Amino acid sequence: MESSLRDDAEIPPLGYAIAQLKGVYILAENANGLVMVDMHAAHERITYEKMKMAFQDQGIQSQPLLVPEALALSVREADIAEERASWLATLGFEVERVSEESLVIRRVPALLVNSDTAALLQDVLSDILVHNQSDRIEAAVDELLSTMACHGSVRANRKLSLPEMNALLRDMEETERSGQCNHGRPTWVQQTLADLDRLFMRGR
């Protein structure tokens, strides 16, 4: 086990991954005992914080799709996409209206290039429709970024290797507010050796 080779002082706060449980949780060992991480919630927070920093800096980097993707929409959704094309560009999307009820997606946020592009854009357009005034859209940018981060996060039941799990733990340690997901739920919990001893009634 990786952590047994190191002194406690050298073990990072969230420790080293030892297993994945049911494709949902990462189990890790740190100096205090057992750490349990909700991998989707943790990755969602990391993605959200990266996107928020990028948006506040120079706008979100976009990446062209190798094959532009057609998306069928309602007239209202297509209208709002056309009206808000420059706003969508700051979020990393390049779209072109090709008919009354369809768009072509040419570029997507680089951080989310592996997500379901059509579903991602549709959810973003739904959020924009809810806040369809310039000042309200500006105020709702965190909500938009949260929606986007959810699409870009690792899904439940995805098998991760130990190096992938450890990379996620290190990202969590470097990310502000990584102890909570975007919806306010904890992303990880600690069970100390004393907690585990109590569970198994050791020392009684």
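## Close-up views of a predicted protein model

**Figure 1. The whole chain, before we zoom in.** The secondary structure of this protein chain adds up to 8 helices and 7 strands. Keep in mind that what you see is a predicted model. Along its principal axes, the C-alpha trace spans about 70 × 35 × 30 Å. The chain has 204 residues, and 43% of them count as buried. If you take the contacts with a separation of 6 or more, 67% come from residues 24 or more positions apart.

**Figure 2. The surface and its charges.** The chain exposes about 11,300 Å², and carbon and sulfur atoms supply 51% of that area. As for charges, there are 20 positive and 32 negative ones. Take the mean position of each set, and the two points are 6 Å apart.

**Figure 3. Two rings that meet edge-to-face.** The count of aromatic pairs in this model comes to 1. The partners are phenylalanine 55 and tryptophan 87, with ring centres 5.9 Å apart and 75° between the planes. An angle over 60 degrees counts as edge-to-face, so that is the label this pair gets. Phenylalanine 55 sits in helix H1 (residues 39-57) and tryptophan 87 in helix H3 (residues 85-90), so the pair ties together parts that are 32 residues apart in sequence. Are these two residues buried or exposed? Both phenylalanine 55 and tryptophan 87 are buried.

**Figure 4. A charge over a ring.** Here, look for arginine 170 and tyrosine 16. The charged end of arginine 170 sits over the tyrosine 16 ring, 5.4 Å from the ring's centre.

**Figure 5. Glutamate 29 and a glycine across from it in sequence.** Glutamate 29 belongs to strand E2, which covers residues 25-30. Its relative accessibility is 27%, so glutamate 29 counts as partly exposed. How far apart are the C-alpha atoms of glutamate 29 and glycine 15? They are separated by 5.1 Å, while along the chain the two residues are 14 residues apart.

**Figure 6. Lysine 22, a loop residue with a positive phi.** Strand E1 (16-21) and strand E2 are joined by a loop, and that is where lysine 22 lies. Most residues other than glycine have a negative phi. Lysine 22 isn't a glycine, yet its phi is positive, at about 55°. With a relative accessible area of 70%, lysine 22 is exposed.

**Figure 7. Methionine 201, after helix H8.** Follow the chain past helix H8 (193-199) and you'll find methionine 201 in the segment after it. This is a residue other than glycine with a positive phi, near 55°. Is methionine 201 buried or exposed? Its relative accessible area is 56%, so methionine 201 counts as exposed.

**Figure 8. Glutamate 164 and its surroundings.** Glutamate 164 is part of helix H7, made up of residues 162-174. At 37% relative accessibility, it counts as partly exposed. Which residues does glutamate 164 touch, leaving aside those up to four places away in sequence? The answer is Arg158 and Lys159. Now look for alanine 17: in sequence, glutamate 164 and alanine 17 are 147 residues apart, while in space their C-alpha atoms are 9.2 Å apart.

Conventions
Residues are numbered from 1 along each chain as its sequence is written. This is a predicted model: local features need pLDDT of at least 70, side-chain atom pairs count only at pLDDT 80 or more; totals for chains, interfaces and linings use all residues. Side-chain values use heavy atoms; hydrogens and water are left out. Helices (H or I, at least four residues) and strands (E, at least two) are DSSP runs, numbered from the N terminus. Buried means under 20% relative accessible area, exposed over 50%, partly exposed in between (1.4 Å probe, protein chains only). Contact means heavy atoms within 4.5 Å. Accessible areas come from the Shrake-Rupley method with a 1.4 Å probe; for residues, only the protein chains shown count as cover. Lys and Arg count as positive and Asp and Glu as negative; His and the chain ends are not counted. The place of a charge is taken as NZ of Lys, CZ of Arg, CG of Asp or CD of Glu. Rings of Phe, Tyr and Trp (its six-membered ring) pair if their centres lie within 6.5 Å; planes under 30 degrees apart count as stacked, over 60 as edge-to-face and the rest as tilted. A charge sits over a ring if NZ of Lys or CZ of Arg is within 6 Å of the ring centre and within 35 degrees of the ring normal.
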